[in-house]
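Please walk me through this protein chain, starting from a single pair of residues in its sheet and working outward to the whole fold.

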Amino acid sequence: MQSERKYEFSWDLLGDLELGRPNLGPQTRLEVYRLMQFCFRDTLERTYGTEQADRIFYEAGYLAGRHFYANLLGPVHDQNQFVAKLQYLLKELKMGILRMEEMDLPGGRLVVTLSEDLDCSGLPVKDHEICTYDEGFIAALMESFTARKFVVKEVDCWCTGDRTCRFSAQAAP
Ligand SMILES: [Zn+2]
């Protein structure tokens, strides 16, 4: 048995923003979000190494995706509704602009692009993709919707010189 946890996530940790931020409201500057995310990533890498840092980011994105689906996106009843609602929410929440390039649910395959991505758009170009959190996030959305396990890999990223992030998802056999 695991002992009582201190930091288990629940949706109410997002808080009552009307009550708590009557003047500042629910918005913040994106730099603040990125400052936290990239300092977290730096610290995780220094503490656990690159591979574990990536795994933790993927897992965190996955957890977020599960809760996002349960609290905002779902339940949706068909593919069109899934895509339309997801596109709407990602734009409304200013997370990015989603385009579905390929969606073959029976074949367990999906390719999406996310432009103006929250995490990486505008960053200096590097030699690797960085949207590991998004990978986990998309995997959880697909899994919540289809009840099949998905593995997601970012194949193009702003950080590899592309102007959009492209994610390829494949259902586990
Ligand atoms: Zn990216």
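**From one strand pair to the whole chain**

Leucine 98 has leucine 114 of strand 2 as its bridge partner, and this pair is a convenient place to enter the structure, which is a predicted model. A second pair across the two strands is that of methionine 103, whose bridge partner in strand 2 is leucine 110. In total, 7 bridges join strand 1, residues 97–104, to strand 2, and the two run antiparallel. Strand 1 and strand 2 form a hairpin, with 4 residues between them, and in its turn glycine 108 has a positive phi of about 65 degrees.

Strand 2, which covers residues 109–115, has two unlike faces: Leu110, Val112 and Leu114 belong to the covered face, whereas Arg109, Val111, Thr113 and Ser115 belong to the uncovered one. Leucine 110 and leucine 114, already met as bridge partners of methionine 103 and leucine 98, thus lie on the covered face.

Strand 2 also pairs with strand 4, residues 165–171, again in the antiparallel sense and over 6 bridges. Here leucine 110 has alanine 169 of strand 4 as its bridge partner, while valine 111, from the uncovered face of strand 2, stands opposite serine 168 in strand 4. Strand 4 is in turn joined to strand 3 by 6 bridges, with these two strands running antiparallel, and one of the pairs between them sets phenylalanine 150 against its bridge partner in strand 4, alanine 171.

Taken together, the 4 strands form an open sheet in the order 1-2-4-3, with antiparallel pairing. Its edges are strand 1 and strand 3, the latter at residues 150–156, and each of these pairs on one side only. From one strand to the next, the twist averages 20 degrees.

The sheet does not stand alone, and the next element to consider is helix 5. Helix 5, residues 132–146, lies across strand 2, strand 3 and strand 4, and runs at about 140 degrees to strand 3. Its 15 residues reach 21 Å from the first C-alpha to the last, close to the 21 Å expected at 1.5 Å a residue. Of those 15 residues, 14 are buried, so helix 5 is largely enclosed by the rest of the structure. Just after helix 5 comes alanine 147, which takes a positive phi of about 60 degrees.

Serine 144 offers a view of this helix at the level of a single residue, since it is found in helix 5. With 20 other C-beta atoms within 10 Å, serine 144 counts as buried, because the criterion for burial is 20 or more such atoms. Leaving aside residues up to four places away in sequence, serine 144 touches Arg66, Tyr69 and Gly74. Tryptophan 11 is 133 residues from serine 144 along the chain, and the C-alpha atoms of the two are separated by 16 Å.

Helix 2, residues 30–48, makes a useful contrast in its surroundings. At 1.5 Å a residue its 19 residues should span 27 Å, and its end C-alpha atoms are 27 Å apart, which agrees. Helix 2 is hardly covered, however, for the count of buried residues among its 19 residues is 0. The residue that follows helix 2 is glycine 49, whose phi is positive, near 90 degrees.

At the scale of the whole, the protein chain has 5 helices and 4 strands, and from the N terminus on its elements run α-α-α-α-β-β-α-β-β. The radius of gyration of the protein chain is 17 Å, close to the 16 Å that the globule rule gives for 173 residues, so the chain is as compact as a globular protein of that length. Along the principal axes, its C-alpha atoms fill a box of roughly 45 × 40 × 40 Å. Buried residues make up 25% of the 173 residues, and among contacts between residues at least 6 apart in sequence, 53% join residues at least 24 apart.

One annotation may be set beside this picture. An unreviewed UniProt entry places the feature "domain: 4-vinyl reductase 4VR" at residues 109–171. The end C-alpha atoms of that span lie 6 Å apart, and the span is 24% helix and 33% strand.

Conventions
Residues are numbered from 1 along each chain as its sequence is written. This is a predicted model: local features need pLDDT of at least 70, side-chain atom pairs count only at pLDDT 80 or more; totals for chains, interfaces and linings use all residues. A residue is buried if 20 or more other C-beta atoms lie within 10 Å of its own, exposed if 12 or fewer, and partly exposed in between; C-beta atoms are placed from the backbone. Two strands pair if DSSP finds at least two bridges between them. Axes are lines fitted to C-alpha atoms, for helices over the stretch in contact, and angles run from 0 to 180 degrees between N-to-C directions. Two residues are in contact if their C-beta atoms, placed from the backbone, lie within 7 Å. The radius of gyration is taken over C-alpha atoms; the globule rule is 2.2 Å times the number of residues to the power 0.38. UniProt positions are given in the numbering used here, feature names are shortened, and annotations may be inferred rather than shown by experiment. The expected span of a helix is 1.5 Å times one less than its number of residues.
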